[in-house]
Amino acid sequence: MELVDTHDLGSCVERRESSSLSICTKTKKMKTIIAVNKAGYIGKNDKLPWNCKEDLKHFKKLTMGCKLLVGRTTYESMPLLKGREVIVVGKGYNTLEQALEKKPDWIIGGKRIYESTIHLCDELHISEINDETIGDTKIPELKNFSGKKIIYKFDTD
Ligand SMILES: NC(=O)c1ccc[n+]([C@@H]2O[C@H](COP(=O)([O-])OP(=O)(O)OC[C@H]3O[C@@H](n4cnc5c(N)ncnc54)[C@H](OP(=O)(O)O)[C@@H]3O)[C@@H](O)[C@H]2O)c1
C-alpha cells in the first residue's frame with residue numbers, strides 16, 4: 001500500500017457554527033477513517049487496542065456534526081458519539097445498501113465494514129498509532145482504495 005504523508009486537513013465537510021452545534025452543510029465525498037498501530041492491528045476484544053487521547057480528539061474533530069456509518073460489532077462496543085448521526089449496519093439495523101442510501105460522510109469501521117466500502121470512498125484518513133499491542137483484528141486490505149490517502153501520526157498518551 002502506498003502511503004502519502006500529508007497534514008492537509010482539507011475536509012469535504014463545511015461546518016457552520018450555530019450556537020454550540022457544529023452542522024455539516026455540504027458533503028459530496030465519502031471518507032474512511034482508520035487508526036492502526038505499528039503491529040498492523042486495529043482492534044482487540046472488539047475495542048481499540050490502545051488509549052490515545054490525541055487520536056480520539058482528532059476523530060471527534062473530523063466527524064463532529066456528520067453522519068457516520070458503522071458495523072454492528074463496533075457500534076455495540078463503542079461509546080455514544082454525541083453530536084453525530086450514527087448509521088448502523090447489521091441484523092436489526094440497516095443493510096449496507098440502506099445505510100449507503102442515507103449518504104454517510106464517514107465510514108468508521110470495523111474491519112468488515114471497511115472491506116465492504118473502501119472502494120466507494122474518496123478519502124482514506126489513517127492514524128498511525130505509536131503502539132505495538134498484538135490485537136485480534138488487523139488493518140483491512142486496502143488495495144481497492146484508489147482515492148486520496150491522508151496519514152496522521154499520533155503518539156499514545
Ligand atoms: N482502529 C480503528 O480505527 C477501528 C475502527 C472501528 C472498529 N475497529 C475495531 O474493529 C473490530 C470490529 O471489526 P469487525 O469486522 O469485527 O466488525 P464490524 O465491521 O464493526 O461489524 C461487523 C458486523 O456488521 C455487519 N456488517 C458488516 N459488514 C456488512 C455487510 N457488508 N453487509 C451486511 N452486514 C455487515 C454484520 O452484522 P450482523 O452480524 O448483525 O449481520 C457484521 O457481523 C473491533 O475490534 C473494533 O474495535 C477499529
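## Exercises on a predicted model

Aspartate 46 is placed in the loop between β4 and α1; helices (H or I, at least four residues) and strands (E, at least two) are DSSP runs, numbered from the N terminus. The model is a predicted one, in which local features need pLDDT of at least 70, side-chain atom pairs count only at pLDDT 80 or more, and totals for chains, interfaces and linings use all residues. Residue numbers start from 1 along each chain as its sequence is written.

**Exercise 1.** Determine whether aspartate 46 counts as buried, partly exposed or exposed, and do the same for asparagine 45.

*Solution.* Step 1: state the criterion. A residue is buried if 20 or more other C-beta atoms lie within 10 Å of its own, exposed if 12 or fewer, and partly exposed in between, with C-beta atoms placed from the backbone.

Step 2: apply the criterion. Aspartate 46 has 13 C-beta neighbours inside 10 Å and therefore counts as partly exposed. Asparagine 45 has 10 such neighbours, so it counts as exposed.

Step 3: add the backbone. Asparagine 45 also lies in the loop between β4 and α1. Its phi is positive, about 50 degrees, although it is not a glycine; aspartate 46, likewise not a glycine, has a positive phi of about 60 degrees.

**Exercise 2.** Describe the open sheet of 6 strands by its order and pairing.

*Solution.* Step 1: establish the order. The strands follow β6-β5-β7-β3-β8-β10, with parallel pairing. Strands pair here if DSSP finds at least two bridges between them.

Step 2: find the edges. β6 (85-89) and β10 (148-155) each pair on one side only and are the edge strands.

Step 3: examine two pairs. β5 (residues 67-71) is joined to β6 by 5 bridges, and lysine 67 has glutamate 85 in β6 as its bridge partner. Between β3 and β8 (residues 123-130) there are 7 bridges, and isoleucine 33 stands opposite histidine 125 in β8.

Step 4: follow the connection. β5, α2 and β6 form a right-handed β-α-β unit: with the strands pointing away from the viewer, the path from the first strand over the helix to the second runs clockwise.

**Exercise 3.** Characterise the residues that surround the ligand.

*Solution.* Step 1: count the shell. It holds 23 residues, the closest being Gly43, Gly71, Gly90, Gly109 and Gly110; a residue belongs if its C-beta atom, placed from the backbone, lies within 6 Å of the molecule.

Step 2: assign the residues to elements. β3 (31-37), β4 (41-43), α2 (72-77) and α4 (111-117) each supply at least two residues, and α4 gives the largest share, 4 residues.

Step 3: inspect two of the closest glycines. The peptide bond from glycine 109 to glycine 110 is cis, with omega near 0 degrees. Glycine 110 is found in the loop between β7 (106-107) and α4.

**Exercise 4.** Decide which part of the chain has pLDDT under 50.

*Solution.* Step 1: take the overall score. The protein chain averages a pLDDT of 86, and 81% of the residues score at least 70; pLDDT is the predictor's confidence in each residue, from 0 to 100.

Step 2: locate the segment. pLDDT stays under 50 over residues 1-27, for which the model has 36 contacts beyond four places in sequence. Two residues are in contact if their C-beta atoms, placed from the backbone, lie within 7 Å.

Step 3: draw the consequence. Where pLDDT is low, the predicted coordinates should not be read in detail.
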